[in-house]
Amino acid sequence: MPLGRSAARSRSGSGAVRAGARRRIRALALAALALAPAGCGAPTESDEPGTIDTVVGSGQTGWLEGGYGGDAGDARSARLNAPRALAFSADGTLYIADTDNNRVRSVDPDSGTVNTVAGGGSRDWAGAESATEVALPEVTDLAVDAYGDTLYIAAMLENQVAAVDLTDGSIEILAGRDDGTAIDMREREAERLRGLWWPSGVAVGPDDTLYIADSGNGRVVAVGPHRGRDTGHPDAEHIRVVAGNGAAAPDAGSWEGGTPPDGEFGDLGRLTVGDDGSVYFVDATLGLRKIDGYDHTVGPAWNPDLPRNPQALAVAPESGTLYAADGARNRVLAYVPGRRQPVVVAGTGAHGFSGDGGPARQAALDSPGGLAISAGGDLYIADTHNHRIRVVNDVAVAVGELTD
């Protein structure tokens with residue numbers, strides 16, 4: 001399959017599986033690209049800024065036969081079933097939470113072919129040797145480390161975060177109990193991430209720190225900046241709580257968007273990290289929060305008028321523009337820093353499927369549930385109930401035209 005436009009103009013590496021010595025040599029170069037991965041190799045139909053195309057998925061779910069198919073084949077012919085979270089690795093590989101197929105799929109940036117990297121087996125992931133042996137639970141979010149060696153999988157309903165070694169295909173529980181029990185992250189449990197409660201999001205920062213939104217505990221936990229372990233749970237010295245104290249937040253109205261005493265938060269949503277290391281996350285009570293990448297304080301961002309329950313967030317590395325998936329209204333919104341009101345970058349508001357090859361704002365989406373930005377500046381959307389991955393070309397240019 002021919003190379004996609006964004007992959008061709010931002011090539012950063014070769015195949016997804018690398019030998020240990022080779023990846024160490026390339027470590028510094030890959031780390032510099034951690035927040036700006038190359039685009040997926042599937043071809044697009046138009047190069048015009050703001051146009052939308054399908055890059056993965058035929059749209060055929062096959063409810064009676066099951067919605068899974070297409071491994072080792074063309075990305076646009078693959079069968080996905082309600083895809084949600086998306087993540088890019090540094091070499092441009094796109095990872096997709098193929099949610100209702102209980103798998104994680106990858107799209108190779110060179111060939112544009114789809115393969116399964118996790119799920120499809122019958123074993124519990126606490127005891128599986130290979131990620132493809134696992135009977136994968138519903139995946140909430142995905143993230144890839146700065147070197148492209150580790151894929152992090154958050155399973156909110158299982159109260160766990162797992163790590164897949166992309167060099168050998170092994171999988172292990174990184175955070176949470178092996179039996180999936182939800183527990184309060186008390187001090188003794190926090191020492192080795194032995195307890196999580198509804199982890200709703202994962203994200204990796206530019207220094208390779210892993211952030212986990214431990215929603216039920218009202219906290220954001222940081223691991224790293226390196227994993228600090230050989231196998232299993234990280235060492236205690238590499239784990240810290242960076243936001244929240246586990247107490248319920250007061251009513252937002254009484255604080256007028258400010259930070260309540262003692263860092264109390266409500267339920268947490270997805271996470272995203274800017275290239276300055278600032279972490280953005282949604283608190284159900286107080287709205288968008290920001291952990292400053294320089295002084296590590298927690299407070300409101302610029303108070304954008306976010307959807308009530310954004311399904312996904314992504315932040316553009318250079319401009320800091322925040323993108324949010326409004327699944328309930330079948331739209332994707334962009335928030336320029338300092339501006340409260342968004343601009344619509346994709347979706348008419350009506351659910352359905354239409355618009356490929358034309359302006360994204362005139363296209364129909366159906367419950368978009370995942371976002372990722374490529375190094376080429378294209379916005380990838382998990383068009384969940386259309387069972388496709390779609391791309392908005394040169395989204396920053398399109399947003400600039402709408403906000404000038």
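Here are three exercises with worked solutions on a predicted model.

Residues are numbered from 1 along each chain as its sequence is written. Local features need pLDDT of at least 70 and side-chain atom pairs count only at pLDDT 80 or more, while totals for chains, interfaces and linings use all residues, and side-chain values use heavy atoms, with hydrogens and water left out.

**Exercise 1.** Find which side chain of opposite charge is nearest to Asp-283.

*Solution.* Begin with the location: Asp-283 is found in strand β15, residues 279-283, where strands are DSSP runs (E, at least two residues) numbered from the N terminus. Next, Asp-283 is buried, that is, under 20% relative accessible area with a 1.4 Å probe, protein chains only. Asp counts as negative and Arg as positive, and the nearest side chain of opposite charge, Arg-289, is 5.4 Å away. Asp-283 therefore has no salt bridge, since this term requires a side-chain nitrogen of Lys or Arg within 4 Å of a carboxyl oxygen of Asp or Glu.

**Exercise 2.** Describe the largest nonpolar core and the strand that gives the most to it.

*Solution.* A nonpolar core is a set of buried Ala, Val, Leu, Ile, Met, Phe, Trp, Tyr and Cys residues joined through side-chain atoms within 4.5 Å. The largest one has 23 residues, and Leu-151 is among those with the most contacts inside it. Strand β7 gives the most to this core, with three residues.

**Exercise 3.** Locate another core that lies apart from the largest one.

*Solution.* This other core has 22 residues, including Ala-312, Val-336, Val-345 and Ile-373.

Methods
Helix = DSSP H or I, 4+ residues; strand = E, 2+ residues; numbered from the N terminus. Buried < 20%, exposed > 50% of the residue type's maximum accessible area, 1.4 Å probe, protein only.
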